[in-house]
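I sat down with this one to see how its helices pack and where the backbone does odd things. My notes are below, in the order I looked things up.

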Amino acid sequence: MNRYLLASVLGVSLSIAAADNEKPTTETYTRAEVDHAFGTTPGKVYNPTKAVDTDDAPSVAFNAETSSSEPLKTYEVIPGTYFLYGNIAEVDENNRGFNGNAGFVVTNDSVVVIDSLGSPRLGQRIISTVKQVTDKPIKYLILTHNHPDHAYGAIAIKDLGNVTVIGHEGTLEYINSERIGHSVSYRETFIKPDMAGFKPVTPDILIGGELYSKNTISTGGKTFDIYNTGPHHSFGDLIVHQKEDNIVWISDLAFNNRVTFMADGSSQKSIDAQTWLLDTFKDAKFMIPGHGSVQSPPFPMVTKTRNYMQRLRKDMAKAVDDGTDLQTAVDSSRYEDWSKVRLYELNHKKNVDFVYREVELEQF
Ligand SMILES: [Zn+2]
């Protein structure tokens with residue numbers, strides 16, 4: 001594990017330094033700065049009036065005493081399709097792992113939940129939220145990928161019983177990797193009580209096979225095509241096409257109003273999948289990302305995320321070609337036009353590091 005990753009997984013003081021370079025760190029954030037710049041303001045609860053095509057983002061803080069039966073705020077994207085708009089932030093004691101999005105769809109006979117948020121406690125709050133709008137049972141939970149902010153609430157929903165969990169076949173690799181232990185202990189440093197009862201969930205249905213192939217589930221008059229988009233962002237990523245309504249849940253294939261974070265997956269695979277997504281679903285009504293607001297066509301968040309990755313690849317290919325060392329490449333990279341986008345200061349240099357190493361390996 002490289003030191004950036006180790007820092008982000010284990011540390012609250014985030015040091016930016018190259019793994020094989022003994023030069024001192026170039027940027028270090030204190031806990032207070034992380035709180036201020038990348039976390040969620042304590043005591044504040046603000047929700048935007050709308051969650052579609054907006055740069056406005058929620059700032060929702062709560063605490064360990066907040067009841068798991070308290071519903072989360074929902075945004076009804078279309079009748080029966082509910083979006084849970086998470087903080088665009090790093091996990092901290094204030095957002096308590098509500099730093100990504102999830103949602104659910106009420107069909108004629110049941111409920112399909114897409115992603116489970118970042119702790120068992122939040123998984124319980126999704127259940128409470130569903131109960132607030134319908135008596136129908138949760139029948140399926142689709143986990144788009146296994147990063148903590150999307151998957152760590154799964155156990156609460158699974159424990160309801162009679163819930164079929166669907167995930168990428170890469171889940172098995174993730175569950176057996178070192179990564180999960182680090183991620184759990186990192187979360188526990190902030191939100192230990194909320195993590196009580198955490199267990200990784202092995203999906204009942206594993207999706208894999210050929211890239212961009214799909215599996216279909218139908219329930220209560222709605223069809224969900226679940227596409228294998230490969231390990232572009234994690235150990236395995238899915239996107240979900242809610243067919244009759246023509247809504248695409250794109251997970252972390254593109255970020256809206258947030259700088260991406262590359263630690264698993266592959267920049268080239270991401271770019272390929274973004275291109276596939278735009279080609280395949282250009283007529284979609286909405287795309288719902290894992291971070292940031294819902295978007296209508298022509299889906300500029302996808303183009304922007306792709307441009308960022310293409311630019312990083314180009315810049316790092318040049319750096320490697322020129323014989324620029326990793327530390328210098330990291331130190332000198334600054335994308336001024338991205339600098340005001342949320343989580344830029346936290347993620348950009350890590351992304352530079354990730355892509356430099358990728359490109360160097362590719363050229364080897
Ligand atoms: Zn995410």
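These entries go from the whole chain to one helix, then its neighbours, then a few single residues.

**Entry 1: the whole chain**

First reminder to myself: this is a predicted model. I tallied the secondary structure of the protein chain and got eleven helices and 16 strands. Next I checked burial: of the 364 residues in the protein chain, 51% are buried. I also looked at contacts with a separation of 6 or more, and 67% of them join residues 24 or more positions apart.

**Entry 2: α9, length and faces**

I picked helix α9, residues 300-321, for a proper look. Its 22 residues reach 31 Å from the first C-alpha to the last, close to the 32 Å expected at 1.5 Å a residue.

Which residues of α9 are buried? I listed M301, V302, T305, R306, Y308, M309, L312, M316, A319 and V320. Looking down the axis of α9, I find these buried residues within an arc of 155°, so they line one face of the helix. The general rule behind that pattern is that an α-helix has 3.6 residues a turn, so residues three or four places apart point the same way. On the face of α9 turned away from the buried side I noted the exposed residues K314, K318 and D321.

I then asked what covers the buried residues of α9. The cover includes α8 (267-280), β16 (286-289), α10 (326-332) and α11 (344-363).

**Entry 3: either side of α9**

Before α9 there is a loop from β16, and P298 sits in that loop. I checked omega there: the peptide bond from P297 to P298 is cis, with omega near 5°. After α9 comes G323, where I read a positive phi, near 80°.

**Entry 4: α9 against α11**

Two packed helices are described by the angle between their axes and the distance between the axes. For α9 and α11 I have an angle of about 60° and axes 9 Å apart. The two helices are therefore oblique to each other. I also looked up the handedness, and α9 passes α11 in a right-handed crossing.

Which residues meet where α9 and α11 pack? From α9 I wrote down L312, R313, M316, A317, A319 and V320. Their partners in α11 are N351, V352, V355, Y356, V359, E360 and Q363. Going back to the burial list, I see L312, M316, A319 and V320 among the buried residues of α9.

**Entry 5: Y308**

I stayed in helix α9 for Y308. Y308 has 23 C-beta neighbours inside 10 Å, so I count it as buried. Leaving out residues up to four places away in sequence, Y308 touches T260 and W338. W338 is 30 residues from Y308 in sequence, with 8.8 Å between their C-alpha atoms.

**Entry 6: α8**

I ran the same checks on α8. At 1.5 Å a residue its 14 residues should span 20 Å, and the end C-alpha atoms are 20 Å apart, which agrees. In α8 I found S267, S270, A273, Q274 and L277 buried. They cover an arc of only 120° around the axis, which puts them on the same side of α8. Turned away from that buried side are the exposed residues T275 and D279. The buried residues of α8 pack against β14 (238-242), β15 (247-251), α9 and α11.

**Entry 7: two positive phi values**

Next I looked at D53 and R96. D53 is not a glycine, yet its phi is positive, about 50°. R96 is not a glycine either, and its phi is also positive, about 50°. I placed D53 in the loop between β3 (45-46) and β4 (59-60), and R96 in the loop between β6 (81-84) and β7 (102-106).

Are these two buried or exposed? D53 has 12 C-beta neighbours inside 10 Å, so it counts as exposed. R96 has 28 C-beta neighbours inside 10 Å, so it counts as buried.

**Entry 8: I226**

Last stop was I226, in strand β13 (residues 222-228). I226 is buried, with 24 other C-beta atoms within 10 Å. Not counting residues up to four places away in sequence, I226 touches I142, I166, I207, K214, N215, L238 and V240. I226 and V240 are 14 residues apart along the chain, and their C-alpha atoms are separated by 4.6 Å.

Definitions and conventions:
Residues numbered from 1 in each chain as written. Predicted model: local features only at pLDDT ≥ 70, side-chain atom pairs only at ≥ 80, totals over all residues. Helix = DSSP H or I, 4+ residues; strand = E, 2+ residues; numbered from the N terminus. Expected span 1.5 Å × (residues − 1). Buried ≥ 20, exposed ≤ 12 C-beta atoms within 10 Å, placed from the backbone. Arc of directions from axis to C-beta. Contact = placed C-beta atoms within 7 Å. Axes fitted to C-alpha atoms, helices over the stretch in contact; angles between N-to-C directions. Parallel < 35°, antiparallel > 145°, perpendicular 65-115°, else oblique. Left-handed = near helix turned anticlockwise from the far one by under 90°.
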